Amino acid sequence: MEKDRPDGRSPNQLRPLACSRSVLHRAHGSATWAQGETKVLAAVYGPKAGTKKNENPEKASIEVIWKPNTGHIGQVEKEYEMILKRTLESICIRTIYPNTTTSVIVQASLALPWVHSSFSLWVFRSHVVHDDGALLPCAINAACAALVDAGIPLKHLAVAICCSVTDSSCIILDPTKHEEEKSKAFAYLVFPNATVSVLPEGSVQVGSEPMAHGIITSVTQGAMSVDDYLHCLERGRATSLRLSEFLRKNMEPKSTSEASKAG
């Protein structure tokens, strides 16, 4: 039986959402995303000419840098970087600006970075915000909003959500850190929002892909049954509609000027 949670939410209820764009003046695009007490800042720099070694010069390259609150980057953060990179590459139209690199920097704090050179010397003035669960989905949502703010050409946006499975096989949405730690498993799910696209003026509209009605990224941790996973997908897909509507409303105010930012 599903019960209300310690913070009073129902199993299907999200924490309060907040999104702000253009929060950093020296970045080409930036955004903050908050779900409850979990807050993430994402900044986009580029496209810049040239790609790194082992990247295809016939396509645009996406570089993701995860900045931990303190100390050096660990194994978990490296995995987050890889997941973010693959997710963002799947939604960006990488043929429009070939042989370029766009850098996406993610910081799980209210930090104010500024760039000393054109690449990656960063100085942070940090007011650390507590990671209260669903950190990677919040980072994906922040990065997508920052890409829109930078005018990077996208096939569509993506929205991410976390679903956790309790010991009693109850599925709960958007868990707090405490709920994540107590769960037997959880899934990070990323769904496409095909109703929003960002294309430079005069570009040919990219056709829809089979993935546009499915799922972009799925990452699980812990042991869950097939039925539990399918229930997570069902809950996550239904919630993605609410997240998409929230994201769409936050994209609207600057929609007329987005195309001029990239290039």
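1. Residues 255-263 have pLDDT (the predictor's confidence in each residue, from 0 to 100) under 50 throughout. The model gives this stretch 19 contacts (heavy atoms within 4.5 Å) beyond four places in sequence.

2. This is a predicted model: local features need pLDDT of at least 70, side-chain atom pairs count only at pLDDT 80 or more, and totals for chains, interfaces and linings use all residues. Residues are numbered from 1 along each chain as its sequence is written, and side-chain values use heavy atoms, with hydrogens and water left out.

3. Mean pLDDT for the protein chain is 79, with 78% of residues at 70 or more. Residues 195-213 fall below 50, yet this stretch has 33 contacts in the model beyond near neighbours in sequence. Where pLDDT is low, the predicted coordinates should not be read in detail.

4. Strand β10 covers residues 157-165. Strands here are DSSP runs (E, at least two residues), numbered from the N terminus. Nine of its nine residues are buried (under 20% relative accessible area, 1.4 Å probe, protein chains only), so β10 is largely enclosed by the rest of the structure.

5. In a regular strand the side chains alternate between the two faces of the sheet. On β10, Leu-157, Val-159, Ile-161, Cys-163 and Val-165 point one way. Ala-158, Ala-160, Cys-162 and Ser-164 point the other way.

6. Pairing requires at least two DSSP bridges between two strands. β10 pairs antiparallel with β12 (residues 185-193) over nine bridges. Ser-164 sits opposite Phe-186 of β12.

7. β11 (residues 171-173) also runs antiparallel to β10, joined by three bridges. Val-165 faces Ile-171 there. Five residues separate the strands of this hairpin, and Ser-169 takes a positive phi near 65 degrees.

Methods:
Buried means under 20% relative accessible area, exposed over 50%, partly exposed in between (1.4 Å probe, protein chains only). Helices (H or I, at least four residues) and strands (E, at least two) are DSSP runs, numbered from the N terminus.
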